[in-house]
Each structure stands twice: as C-alpha cells, then as structure tokens.
Amino acid sequence: MNTKLLISTLPLLMVGCAAATSLISFRYDYPTALRKLSVFWVFNFCIDLCGHITKYFGLKNHWLYNIYFWLMYLTLAYLYDGQVKNRYVHAGIRLFYIAFPLLILAESILSGINTLQTMMLVTGSVFMIFLAAAYFRQLYLSEDNEPVTQDPWFWFSFGFILYFGCTVPFLGMFNYLWAHYKEFTNFYYSYFCNSFAILLNLLIITGFLCQRNSQKSR
Amino acid sequence: MPEKFSEVTLILFASTLIILLLTGLIVVSLFINQKRKYRYHREKFELKTNFEGELLRAHLEIQSQAFESISRELHDNVGTLISIAMVHMRSLSVSETERDKISEVDSLLNEAMDSLRDISRSINPENINRLGWQKSFVAELDRIRKTNLFKVHYSEEGLPFTIELQKQIILFRILQETLNNIVKHSGGNHIYSHIRFLDNLVSITIKDDGKGFKAHSIDLPGEGSGIKNMRSRAAMLPAILEIESEVGGGTVVRLSYKESTVQT
C-alpha cells in the first residue's frame, strides 16, 4: 500500500472507528439525539466507503459527496434544533430548511450534479459553524454547573467548527483550484482536509465516550 | 506542489489559521467561563450554608431564651402558687372525714410540684450547662421512667469527655426530641439507650419496641418536622444522625458526634 493511498484511507478508518464507537449509544441509556447521530455516522461511513471504492476504480464521485453533504447539513441542522434552546436559532433552522433545498435545486440545474456544489458547501458549512457557535453561546450563558467536557455536544460542536471552519475556504474554491492547481488541490485535500476530518472524528469519538463516562460517574 | 505559491494558497492557509485561532479562542474562553461559573456556584453554596447555619443558630438561641423564660415562670410563678396553695390547705382545720380527701389533694399537689420541677429543669438550658448533656439525658430518662409508661434501660461505656457547652445543648435537644417522639408516637413499652465514648467520638443509640413507621413518611411535606429539626441540629454540630425504622419493628436512632478538641 503506497503512502498516498494510506493517507487517503486514514480518514475513512477514523470515520469507521467513530461510527463503531457511536454504536455504544444503543447499548447504554443514551439520549435519542445521540442515537440518531450514531445512525447518521454509520451512514456517513457507508457513503465515505462508497466514495473510496469509486475513487479506487477511477470513477468521478463528486455526485456522491454532493448527496453526502446535503444529507449531512440537513441532519445536523435537525439535530441542533433539539440542542440549541433559542427561538432565533430555531427560526434560522426553519429558514435553512426552506432555502437550502432551493439552493441545491438551483445549483443542480446550473452546474449539474456531477460537479462538487461549492455554493451549497459554503452555505451549509457556514450554517453549521453558526449552529455550533450558537451551542457554544448557550453553554457560555448556561447556569448549569456540569463540566462542559462531559457534554457530548460540546465535543461535536468543537469538531464541526474546526472541520467546517477549516475546510470551507478550500471547499468553496474547490472547482476553481481543481481547474487551475490540480496538484496543490490534491495535496491540500490529502494532508489538510483529511487531517481535519480525522480531528472531527476523534472529537466525535470523545463526545460519545464522555457521555458514557459522565453516566458512570453519576 | 509544482504550482507557485500564489495569493490563493496564501488566502487558504491564512483563513484556515485564523479559523483555527478563533476556534481555540472560543474554546479557551468557554473553559475560563466554566471555571468562573464553578467558583461562583461554590461561593454561593458556601454563603447559603453559612446563612442557614446562622439562621439555625439564631433560631436555637431564641428557643433557648424562650425555654429559659418558661422554665423561670414555671418555677417562680406556678411553683410558688402551688406551694402557697399547699400551705393554705395544710393550715385548714377539717373534720376527720375530710382529712383523707385533703391528704389525697396534698399528694396530688406534691406530684404536680415534682412534675413541674422536672419539666422546668428539663427545658432550662442553664441546667444542661450545669449538669452536662449526659446527666440531663439520664434525668430525662428518669422522668419518663417515673411516668410508668415505659421501662427504661440505660447503659454506657468508655471514658466521657467534655463537649463545648453550646454543642451540649444541641446534642441534648436532639436526644430530648428523640425521647419525646418515642413517648408521643411509638406506643411501645421499652426504651433502650446506650452511650459509647471512644477517644473523641460519642455514639448514642436510642431504641424502642414501638410500632415504627415507614422510613419515607418523614420526607413528606408537613410530616416529621421534629425529625427534620433533629437533622438540622445534627448538621449544625456536625454529627451523624441515623434513623432506622420499620412498621411493627420499632425505631432505632443513632447519633454520632466527634469532638475536635477533647478534654477528658
């Protein structure tokens, strides 16, 4: 196995580990939102696996990642709707549910489904950063005395801010970079985007495990 | 990376770095805030505990003064009136047939006078100070024994040590409340009490063979305020108060207090 393949496979392994770890939410008495996230992460792993297989066979898989990101943004928005207790955020999520599918539709018509939909990626990522920041604000203002490190959604939000924040400038310019600086795009994607994906999955694992630890300490 | 370093790559790296720094800043500020919040809650809790302690202390002081005043009134006023009544009665010249009745009234008044003295002594905090909590407790047991409602068993072991006066009153009031509860509610025939001194620890066990109660019934609102007071007083010492009871199986009250400065 060459280095390049190993580097590109590492994030997939991490997603797999995160999906496997998240399954403990069904073994123990975890909140429903965490179980839903667990199901989504398993699905996430399946799509990523399909992505890697298609890439291995030299097939263009941008359509698959388009679907992957559509579902990811919509699912995370739905899950954050239950976590953030703020009516403006709830209104924002409702607005997102109307505007985002319209954006997907418009971009699918304008640039097709086989090209990575960067407008959708930027909008979705920015909205995810907004939701994670709203959750951090909620934690900041909360009167609750529980340590934030025992809150799984703190770890998830931390991961989402890092991942979406650090990949959105790249993903936003992806098509342009791919057309003009193909090698650099490959390099950046392999080393940077994959590192952030690994980091995100590590934080997802931490979130699921911290919930178990806090249950044990009670 | 064969392409030359361009503005695009600069923007990409710079924006990633800025976002990383911002995320770090947010998380660090969240941790700092969490620490501050924790400190604030701890201070609030300490203030609340201190306030409750002060409130209880003030409550006990008022109660102590009230007891002292009632005790003085009983002794000086009611006691004197009964004594005068007895003197007057004894000075009456009565016929032989009424002499028996007078003698019976005299013994009843004597009994009332004794009870009055006992109650007066029992509630007067000065008496507890003078006799000490242990002798006051034994006197309280004697008072119950005299009623013939209960058979009282008392035992002790170990070497007694001196407890701070204010704490002796609190300790005695807990024991007094326990005995009052037994007399009022237990419906039993025996009271077993045992005091054990070990180094600077005293453990008092009071047991009855009464009807007992469901353990959770004292937690209901409006129920068992006497027991709640006992618990508050125990917390003030601080002492460990354990109450074990089951319906039909009597009740056991255990009080353990550790004196920090022991003088034997």
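**Notebook: the sheet of chain B, the helices of chain A, and where the chains touch**

I began in the middle of the chain B sheet, where B:Ser193 stands opposite B:Ile206 in β3(B). I note at the outset that this is a predicted model, and I read each entry below with that in mind.

**Entry 1: the sheet of chain B**

From that pair I looked at the two strands around it, and I found that β2(B) and β3(B) run antiparallel and are joined by eight bridges. Next I followed the helices that lie against the sheet: α4(B) packs on it and touches β1 and β2 of chain B, with a direction that makes about 160° with that of β1(B). I then turned to α5(B), which also packs on the sheet, touching β2, β3 and β5 of chain B, and whose direction makes about 10° with that of β3(B).

In what order do the strands of the open sheet stand? I read the order as β1-β2-β3-β5-β4 of chain B, five strands in an open sheet with mixed pairing. The edges are taken by β1 and β4 of chain B, each of which has a single partner strand, so one side of each is left without a neighbour in the sheet. I also recorded the turn between neighbouring strands of this sheet, which is 10° on average when direction is ignored.

**Entry 2: pairings at the two ends of the sheet**

At one edge, strand β1 (residues 151-157) and strand β2 (residues 190-198) of chain B pair in the parallel sense over seven bridges, and I picked out B:Glu157, which stands opposite B:Arg196 in β2(B). I traced the path between these two strands and found that β1(B), helix α5 (residues 165-186) of chain B and β2(B) make a β-α-β unit that is left-handed.

At the other edge, strand β4 (residues 239-245) and strand β5 (residues 251-258) of chain B are paired antiparallel, over seven bridges. Here B:Ser245 has B:Thr251 in β5(B) as its bridge partner. The hairpin of β4(B) and β5(B) has five residues between the strands, and within this hairpin I noted B:Gly248, which takes a positive phi near 85°.

**Entry 3: backbone points in the loops of chain B**

I kept in mind that most residues other than glycine have a negative phi, and that most peptide bonds are trans. Against that background I listed three places in chain B.

- The peptide bond from B:Leu237 to B:Pro238 is cis, with omega near -5°, and B:Pro238 is found in the loop between α6 (225-236) and β4 of chain B.
- B:Asn148 is not a glycine, yet has a positive phi of about 65°; I located B:Asn148 in the loop between α4 (133-146) and β1 of chain B, and B:Asn148 counts as exposed because it has 7 C-beta neighbours inside 10 Å.
- B:Asp199, likewise a residue other than glycine, has a positive phi near 55°; B:Asp199 is in the loop between β2 and β3 (201-208) of chain B, and with 12 C-beta neighbours inside 10 Å B:Asp199 counts as exposed.

**Entry 4: chain B as a whole**

Stepping back, I counted six helices and five strands in chain B, which follow the pattern α-α-α-α-β-α-β-β-α-β-β along the sequence. Of the 264 residues in chain B, 18% are buried.

**Entry 5: helix pairs in chain A**

In chain A I looked up helix α3 (residues 32-56) and helix α4 (residues 62-83), whose axes come within 11 Å and cross at roughly 170°. That angle makes α3(A) roughly antiparallel to α4(A). Among the residues that meet here are A:Phe40 and A:Ile47 in α3(A), and A:Tyr68 and A:Leu79 in α4(A). By class, this contact of α3(A) with α4(A) has nine nonpolar, five polar and one charged residues.

I then looked at helix α5 (residues 87-111) of chain A and α6(A), where the axes come within 10 Å and cross at roughly 170°, so that α5(A) is roughly antiparallel to α6(A). The residues that meet include A:Phe96 and A:Phe100 in α5(A), and A:Met120 and A:Phe127 in α6(A).

**Entry 6: where the two chains touch**

How many residues of chain A are in contact with chain B? I found 20 residues of chain A in contact with 20 residues of chain B. On the chain A side, α6 (118-141), α7 (152-172) and α9 (182-217) each supply at least two residues, and α7(A) gives the most, with seven residues. The residues on this side of chain A divide into 17 nonpolar, two polar and one charged.

Notes: Residues are numbered from 1 along each chain as its sequence is written. Chains are lettered from A and ligands numbered from 1 in the order in which they are written. This is a predicted model: local features need pLDDT of at least 70, side-chain atom pairs count only at pLDDT 80 or more; totals for chains, interfaces and linings use all residues. Two residues are in contact if their C-beta atoms, placed from the backbone, lie within 7 Å. Helices (H or I, at least four residues) and strands (E, at least two) are DSSP runs, numbered from the N terminus. Ala, Val, Leu, Ile, Met, Phe, Trp, Tyr, Cys and Pro count as nonpolar, Asp, Glu, Lys and Arg as charged, and the others, Gly among them, as polar. Two strands pair if DSSP finds at least two bridges between them. A crossover is right-handed if, with the strands pointing away from the viewer, the path from the first strand over the helix to the second runs clockwise. Axes are lines fitted to C-alpha atoms, for helices over the stretch in contact, and angles run from 0 to 180 degrees between N-to-C directions. Angles under 35 degrees count as roughly parallel, over 145 as roughly antiparallel, 65 to 115 as roughly perpendicular and the rest as oblique. A residue is buried if 20 or more other C-beta atoms lie within 10 Å of its own, exposed if 12 or fewer, and partly exposed in between; C-beta atoms are placed from the backbone.
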